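Trainee: I am new to this structure and would be grateful for a close look at a single part of it. Please set that part in the context of the whole chain as you proceed.

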Amino acid sequence: MFDLSLDKLRGYRPEVAAPADLVDFWRRSIEKARTDDLSASFTAIDNKLAVIDTYDVTFAGFGGAPVKGWLHVPAGATGPLPTVVQYFGYSGGRGFPHVTNLWAQAGYAHFVMDTRGQGYSAGGGSGTPDDSAYAGLNHTPGFMTAGITDPEAYYYRRVFIDAVRALEAAKASPLVDPDKIIVTGASQGGGISIAAAGLAGLAGIDLLGCAPDVPFLCHFERALQITDEDPYGEITRYLKGFRHDVDAALRTLSYFDGVNLGRLATAPTLFSVALMDAICPPSTVFAAYNHYGARPDVAKDIEVYSYNEHEGGQTYQQLAQLDWFANIFAAKESSTDR
């Protein structure tokens with residue numbers, strides 16, 4: 001245990017300054033992306049599985065760049081189905097279609113989005129390049145500092161807009177119920193899911209829920225102070241060399257901080273945190289959790305894994321999510337029937 005005690009974590013609400021133009025910046029980014037046709041396509045493939053049907057997905061993300069994904073559904077499903085949209089952890093990607101389809105096994109549509117430029121730990125079907133002109137600017141190895149001195153050029157601007165466009169692409173499929181969508185992901189995927197939940201409202205998209213698991217990309221300044229682990233370590237190494245960029249970098253990161261974006265969210269949430277996690281320190285997760293929600297009545301809960309590192313709850317968390325997703329979808333069904 002290297003961070004605050006659990007009692008202190010539960011009350012940890014640090015002042016994380018949001019830029020005055022945060023909402024305007026993201027509205028402009030969404031509007032800019034929508035000048036490119038979404039061009040969402042879904043092509044049935046042979047996934048080698050008897051009980052799951054899979055569609056190869058392509059849609060236009062930030063800058064019109066093609067972003068890949070999979071859409072998995074129970075075999076023979078005709079939809080529309082409650083849908084889980086999943087984002088991947090750092091270095092992850094959609095990989096082979098037989099690998100990530102848990103939520104389709106539960107009877108839902110399961111849409112997974114590649115993370116541009118990543119996927120090297122998954123291989124297989126990952127293949128979404130980051131072909132932005134800004135991708136080659138001076139930065140440390142990795143993605144955390146690509147464009148870090150300017151929010152317009154920062155890598156995660158492209159990723160977070162891809163995440164919003166993924167929601168639009170999912171809604172374009174007749175297999176997806178556009179009124180029943182939950183976002184989820186672990187680590188980087190958790191951070192992206194928080195961003196998607198915060199930005200969905202600005203994009204006119206209603207989400208039913210957000211389930212970030214041991215989320216990354218939260219309370220950057222705290223993370224840089226208390227952990228040497230990567231990927232946050234990429235930022236400290238960059239600032240070690242580019243000493244004059246500290247203020248500009250921290251300003252840029254404030255536009256992408258899960259604390260600030262989570263404050264915009266209106267969907268209920270189920271977080272998870274691991275108290276021995278040195279990669280995504282517990283205080284950074286609780287900072288995002290405690291500030292989450294645009295209104296005080298936004299329902300939220302958090303699963304705590306006291307003796308786990310960044311692996312978190314894993315199958316235990318999946319069990320919790322299976323129950324939580326079922327309840328969220330059932331409540332929506334019930335309200336629709338009335």
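Mentor: The account below begins with the chain as a whole, turns to strand β4 and the loops on either side of it, and then follows the contacts outward.

The model is predicted. Its chain contains eleven helices and nine strands. The radius of gyration is 19 Å, close to the 20 Å that the globule rule gives for 338 residues, so the chain is as compact as a globular protein of that length. Along the principal axes, the C-alpha atoms fill a box of roughly 55 × 45 × 35 Å. Of the 338 residues, 57% count as buried. Among contacts between residues at least 6 apart in sequence, 77% join residues at least 24 apart. The chain exposes about 13,500 Å², and carbon and sulfur atoms supply 51% of that area. There are 26 positive and 39 negative side chains, and the centres of the two sets lie 4 Å apart.

Strand β4 is the part to examine closely, and the loop that leads into it is a suitable place to begin. Pro 80 lies in the loop between β3 (66–74) and β4. The peptide bond that joins Gly 79 and Pro 80 is cis, with omega about -5 degrees.

Within strand β4 itself, Thr 83 deserves attention. Thr 83 has a relative accessibility of 0%; since buried means under 20%, Thr 83 counts as buried. Its side chain reaches the backbone oxygen of Leu 81 at 2.9 Å. When residues up to four places away in sequence are not counted, Thr 83 touches Ala 109, Val 176, Asp 177, Lys 180, Ile 181, Ile 182 and Phe 329. A distance between C-alpha atoms shows another link across the sequence: Thr 83 and Lys 171 are 88 residues apart along the chain, yet their C-alpha atoms are separated by 9.3 Å.

On the other side of the strand, the loop between β4 (81–87) and α3 (102–105) holds Asn 101, and Thr 100 lies in the loop between β4 and α3 as well. Thr 100 counts as buried, at 17% relative accessibility. Asn 101 is buried too, with a relative accessible area of 5%. Beyond residues up to four places away in sequence, Thr 100 touches His 72, Gln 86, Phe 88, His 110 and Val 112. Asn 101, with its neighbours within four places left aside, is in contact with Leu 49, Ile 52, His 72 and His 110. His 72 and His 110 therefore appear in the contact lists of both residues, where contact means heavy atoms within 4.5 Å. The side chains of Asn 101 and Gln 105 are also joined by a polar contact of 2.8 Å.

The contacts of Thr 83 lead next to other parts of the chain. Ile 182 is one of the residues that Thr 83 touches, and Ile 182 is also touched by Ile 328. Ile 328 belongs to helix α11 (residues 315–337) and counts as buried, at 15% relative accessibility. Its other contacts, with residues up to four places away in sequence not counted, are Leu 208 and Pro 268. Although Ile 328 and Leu 208 are 120 residues apart along the chain, their C-alpha atoms are separated by 7.0 Å.

Some backbone features elsewhere may be set beside the cis bond before β4. The loop between β6 (176–186) and α5 (188–200) contains Ser 187. Ser 187 is not a glycine, but its phi is positive, at about 60 degrees. This residue is buried, with a relative accessible area of 13%. Val 214, in the loop between β7 (209–213) and α6, likewise has a positive phi, of about 35 degrees, although it is not a glycine. Val 214 counts as buried, at 2% relative accessibility. Another cis peptide bond runs from Asp 230 to Pro 231, with omega near 5 degrees, and Pro 231 lies in the loop between α6 and α7.

That loop leads into a group of helices. The buried residues of α7 are Tyr 232, Gly 233, Glu 234, Ile 235, Tyr 238 and Leu 239, and their cover includes α6 and α8. In helix α8 (residues 246–254), the buried residues are Ala 249, Thr 252, Leu 253 and Ser 254. The elements that cover them include α2 (22–33), α6 (220–226), α7 (232–241) and α9 (258–262).

How values were computed: Residues numbered from 1 in each chain as written. Predicted model: local features only at pLDDT ≥ 70, side-chain atom pairs only at ≥ 80, totals over all residues. Heavy atoms only, no water. Helix = DSSP H or I, 4+ residues; strand = E, 2+ residues; numbered from the N terminus. Rg over C-alpha atoms; globule rule 2.2 N^0.38 Å. Buried < 20%, exposed > 50% of the residue type's maximum accessible area, 1.4 Å probe, protein only. Areas by Shrake-Rupley, 256 points an atom, 1.4 Å probe, with all protein chains shown as cover. Lys, Arg positive; Asp, Glu negative; His and termini not counted. Charge placed at Lys NZ, Arg CZ, Asp CG, Glu CD. Polar contact = N/O pair within 3.5 Å; in protein donor to acceptor, adjacent residues only side chain to side chain.
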